[in-house]
Amino acid sequence: MQHKNSIIRNDIFLILVLLLLSAAGFTILLFTRHAGKNVEVFVDGQMLYSYSLSDTVNEVINTKWGENHLVIEEGKVFILEADCPDKLCVRQKEIDKNGESIVCLPHKLVVSVTGGEEREIDAITK
Amino acid sequence: MPSRSKNIAYLGIMLALAMIASYIETLIPVFVAVPGVKLGLANAVVMLLLYRKGWRTAVVISFLRIVLSGFLFSGIVMMVYSFSGAALSIIVMVLLKKSGKFSVVGVSVAGGVMHNAGQILAACFFVENAKMFYYLPVLIVSGILTGAIIGILAGILIKRLSQF
């Protein structure tokens, strides 16, 4: 049986390591994100539709598992409505940055923003 | 042997409790709109079993809980994610508990984070989109928070239900 203090120390160490991992993840995301250009819709791993972020889209996407109402307007993408049980895709905030995505797990649907200009830092260093 | 029937009754109650916890969770609104963020109340029951009845019992009850609540509340697709999360989470919790180096809260925090990581892995596999890792940092933080809350709760349960 270990001493109680060392157990508490281990707990804190574990939490700190996890927090550090998460902070590293956030930092990577922060530095690799920039305004995107295209919107791609994947269902079950297959790309079904592709739009430009500047398009105005108002479409219901049918998947084998249900429907998601996709809206693109003013350079932002969001799901207006869906008939999935958890509605998390509807409640996710609108996306417009490269690499961001909206996911509806029950319908195996992923909407992601791709492409776009280079990162600002690269542009500056050039 | 009366202890055998007592054990069956006990596990039945625990399974029912875990399922109620799953149900209550569907009633709690999720504050962060990221798939996978939830309290994990049922894990308090799983942890109680892990500490009181051993890992085999914890694994069996956790498995049954996911199957039953999957059919009742969350749907079959979500069941796959739950399995993946729960599997990774239980493996890590059993190992950390065996190591004897962590408290109930520490074990629960690791379990919470691993549950989320497991779900992301399953999502990457089934939705076939590695972009799911975009959610990992948020899910690590939420795993730490919910894991700590559940760990404290489980600690109380383990102490109070020690006579059973």
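Student: What is the order of the elements of chain A from the N terminus on?

Tutor: In this predicted model, the elements of chain A run α-β-β-β-β-β-α-β-β-α from the N terminus on, and the secondary structure of the chain comes to 3 helices and 7 strands. Of the 126 residues of chain A, 41% count as buried.

Student: Why is Lys108(A) called buried?

Tutor: The relative accessible area of Lys108(A) is 15%, and the word buried is used for values under 20%, so Lys108(A), at 15%, counts as buried. Its place is in the loop between S6 and S7 of chain A, and Lys108(A) has a positive phi of about 50 degrees although it is not a glycine.

Student: What makes the pair Lys108(A) and Asp44(A) a salt bridge?

Tutor: A salt bridge needs a side-chain nitrogen of Lys or Arg within 4 Å of a carboxyl oxygen of Asp or Glu, and in the pair of Lys108(A) and Asp44(A) the N to O distance is 3.8 Å, so the pair meets the rule. Lys108(A) lies in the loop between S6 and S7, and Asp44(A) in the loop between strand S1 (38-43) and strand S2 (46-52) of chain A, so the salt bridge ties together parts that are 64 residues apart in sequence. Asp44(A), with a relative accessible area of 25%, is partly exposed.

Student: How do you know that Lys76(A), Asp96(A) and Lys97(A) belong to one network?

Tutor: The side chains of Lys76(A) and Asp96(A) meet in a salt bridge at 2.9 Å, N to O, and those of Asp96(A) and Lys97(A) meet in another at 3.5 Å. Both values satisfy the limit of 4 Å, so both pairs count, and salt bridges that share partners join the three residues into one network. Lys76(A) lies in strand S5 of chain A and Asp96(A) in the loop between H2 and S6, so that pair ties together parts that are 20 residues apart in sequence.

Student: Which residue of this network is buried, and which are partly exposed?

Tutor: Asp96(A) has a relative accessible area of 18%, which puts it under the 20% limit, and it is therefore buried. Lys76(A), at 29%, and Lys97(A), at 31%, are partly exposed, because their values fall between 20% and 50%.

Student: Why is Glu74(A) called exposed?

Tutor: Exposed means over 50% relative accessible area, and Glu74(A) reaches 78%, so it counts as exposed. Glu74(A) lies in the loop between strand S4 (67-73) and strand S5 (76-82) of chain A, where it has a positive phi of about 50 degrees although it is not a glycine.

Student: What makes Asn10(A) a residue in polar contact with chain B?

Tutor: The side chain of Asn10(A) reaches the backbone oxygen of Lys101(B) at 2.9 Å, and the rule asks for N or O atoms within 3.5 Å, so the distance satisfies it. Asn10(A) is in helix H1 of chain A, and its relative accessible area of 17% makes it buried.

Student: How many residues and how much area does the contact between the chains take?

Tutor: The contact takes 34 residues from chain A and 32 residues from chain B, and the area buried between the two chains is about 2,900 Å², of which carbon and sulfur atoms give 70%. Across this interface the rule finds 0 salt bridges, while the count of residue pairs in polar contact is 5. On the side of chain A that touches chain B, helix H1 (4-32), helix H2 (88-91), strand S6 (101-104) and strand S7 (109-114) each supply at least two residues, and the largest share, 12 residues, comes from H1(A).

Student: Why can Ile24(B) and Ile28(B) be part of a nonpolar surface patch?

Tutor: Residues of a patch need over 30% relative accessible area, and Ile24(B) has 35% while Ile28(B) has 33%, so both pass that cut-off. The patch, of about 630 Å², is made by Ile20(B), Tyr23(B), Ile24(B), Leu27(B), Ile28(B), Leu72(B) and Phe73(B). Helix H1 (2-27) and helix H3 (55-74) of chain B each give two or more residues to the patch, with the largest share, 4 residues, coming from H1(B). Ile24(B) lies in helix H1 of chain B, whereas Ile28(B) is found in the loop between H1 and helix H2 (42-52).

Student: What makes H2(B) a mostly covered helix?

Tutor: In H2(B), 9 of its 11 residues are buried, among them Val45(B), Met47(B) and Leu49(B).

Methods
Residues are numbered from 1 along each chain as its sequence is written. Chains are lettered from A and ligands numbered from 1 in the order in which they are written. This is a predicted model: local features need pLDDT of at least 70, side-chain atom pairs count only at pLDDT 80 or more; totals for chains, interfaces and linings use all residues. Side-chain values use heavy atoms; hydrogens and water are left out. Patches are made of residues with over 30% relative accessible area and no salt bridge: like charges are joined within 9 Å, nonpolar side chains (Val, Leu, Ile, Met, Phe, Trp, Tyr) within 5 Å. Accessible areas come from the Shrake-Rupley method with a 1.4 Å probe; for residues, only the protein chains shown count as cover. Buried means under 20% relative accessible area, exposed over 50%, partly exposed in between (1.4 Å probe, protein chains only). Contact means heavy atoms within 4.5 Å. Buried area is the accessible area (1.4 Å probe) that two parts lose on being put together, summed over both. A polar contact is a pair of N or O atoms within 3.5 Å; within protein, one must be able to donate a hydrogen and the other to accept it, and residues adjacent in sequence count only if both atoms are side-chain atoms.
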